[in-house]
Amino acid sequence: MTIARAPGKIILAGEQFVVLGAPAVAMAIDLYSYAEAKSNRAGQVNVGIDVPLRNLSTSRESSRGPSAQRFLRPLSLAAEATLDHIGGTGEGVDVNSECEIPIAAGLGSSASTTVSIISAVSTCQGAALERKEIFDLAFIPEKFLHGKPSGVDQATCIYGGIIEFTRPSNIRPLRIKTDPILLLCDSGIHHETKALVGSVVKKSKIQRRDFRDYLTQMRSVSRGVAKSLRTGDDDYLGQLMTVNHELLQKIGVSHPKLDHLVGVAKQAGALGAKLTGAGGGGCIIAVCSTFPSRERIARKLRRAGGTPIKISRDQNGVMARSD
Ligand code: PMV
């Protein structure tokens, strides 16, 4: 039996714009997906998932959220692609996956789950894959689910820590001075990354001049975010995150509830806040000056109808071990 674990992620700067060529800065977080894999002689690929019910579509607001069934196909694709890649003995694999990361909330639940499955399946077949091989394989389920993903989600889940991502051939781990004090807040509204990214790509082809301008601004915001993390300047980080949120509003991927939560966080003392992930729902992140301030901001966000989650940086990325 092999068990693998992969973290979820938040995007500190550059979501959506990364699909159009701007750099993004993303951080792996201490919420995880787990995959158990066991070889079977029947040559079959069986994948099951255990996702907390609260993560699936139950309420009216989230009625377009994912069902367990829709979540399953990309996971089977991940397991099948891994077996094909390692060209095994004809053995199949039984996989059981668990995900504690809220789904369709911009936290990389799908990338994390596929990455942990690829790692568990390859390790249980005795093949130690390089991170780059896991990255390439993860594109298969990610494309199935998201259309044209940049690759930033799976890169963050694989490498862990904080990365600067410009394109698949340009992924750089970022050395930071101190960990920023971050607060995540789930709006409870599920989103569809594929539709949101599609709408932005379409808009960028129509509003060419505006988007050229946004991309120039985004490049400098992402560079600034990376610098603020290297130097431990949380004030600057907060300011830039707020600018990033405004850029995401301009391209039409925010949501009134996200704007409200961002406003509440800032009023309660956050140094800055932004939506994280594709937008249209999902989560916001806020930079806090101190831990007591984070507690205060969390209380205000809860009162405003959000679900605050205190997060920290995962440093390891994907890991697997066999018994
Ligand atoms: O799937 P999400 O909501 O975590 O968003 C992924 C980041 C995007 O930039 C919106 C898409 C991508 O592939 O980079």
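**View 1. Isoleucine 117, at 0% relative accessibility, counts as buried** (under 20% relative accessible area is buried, over 50% exposed and in between partly exposed, with a 1.4 Å probe and protein chains only). This is a predicted model, in which local features need pLDDT of at least 70 and side-chain atom pairs count only at pLDDT 80 or more, while totals for chains, interfaces and linings use all residues. Residues are numbered from 1 along each chain as its sequence is written, and side-chain values use heavy atoms, with hydrogens and water left out. Isoleucine 117 is found in helix α2, where helices (H or I, at least four residues) and strands (E, at least two) are DSSP runs numbered from the N terminus. Leaving aside residues up to four places away in sequence, isoleucine 117 touches Ala35, Val47, Leu75, Ala78, Ala79, Val95 and Ser97, a contact being heavy atoms within 4.5 Å. The C-alpha atoms of isoleucine 117 and lysine 227, which are 110 residues apart along the chain, are separated by 34 Å.

**View 2. Isoleucine 10 and Leu12 are the residues with the most contacts inside the largest nonpolar core, which has 58 residues**. Such a core is a set of buried Ala, Val, Leu, Ile, Met, Phe, Trp, Tyr and Cys residues joined through side-chain atoms within 4.5 Å. Helix α6 (residues 208-231) gives the most to this core, with eight residues. Apart from the largest core lies another, of 41 residues, which includes Leu72, Leu83, Val93 and Ala104. When residues up to four places away in sequence are not counted, isoleucine 10 touches Ala26, Met27, Ile29, Leu107, Leu182, Leu184, Thr276, Ile285 and Ile311. In soluble globular proteins, nonpolar side chains tend to be buried together.

**View 3. Alanine 104 has a positive phi, near 55 degrees, although this residue is not a glycine**. Alanine 104 lies in the loop between β4 (92-99) and α2 (109-124). With a relative accessible area of 16%, alanine 104 is buried, and it is among the residues of the core of 41 residues.

**View 4. Glutamine 16, a residue other than glycine, has a positive phi of about 65 degrees**. The loop that holds glutamine 16 runs between β1 (2-13) and β2 (24-40). Glutamine 16 counts as buried, at 5% relative accessibility.

**View 5. Serine 150 is found in the loop between α3 (131-146) and α4 (152-159)**. At 15% relative accessibility, serine 150 counts as buried, and it touches Val18, Val19, Phe139, Phe165 and Pro168, not counting residues up to four places away in sequence. The C-alpha atoms of serine 150 and threonine 166 are separated by 8.6 Å, with the two residues 16 apart along the chain.

**View 6. The setting of these close-ups is a protein with nine helices and 11 strands**. Its radius of gyration is 19 Å, close to the 20 Å that the globule rule gives for 323 residues, so the protein is as compact as a globular protein of that length (the radius is taken over C-alpha atoms, and the rule is 2.2 Å times the number of residues to the power 0.38). Buried residues make up 55% of the 323 residues. Among contacts between residues at least 6 apart in sequence, 77% join residues at least 24 apart.
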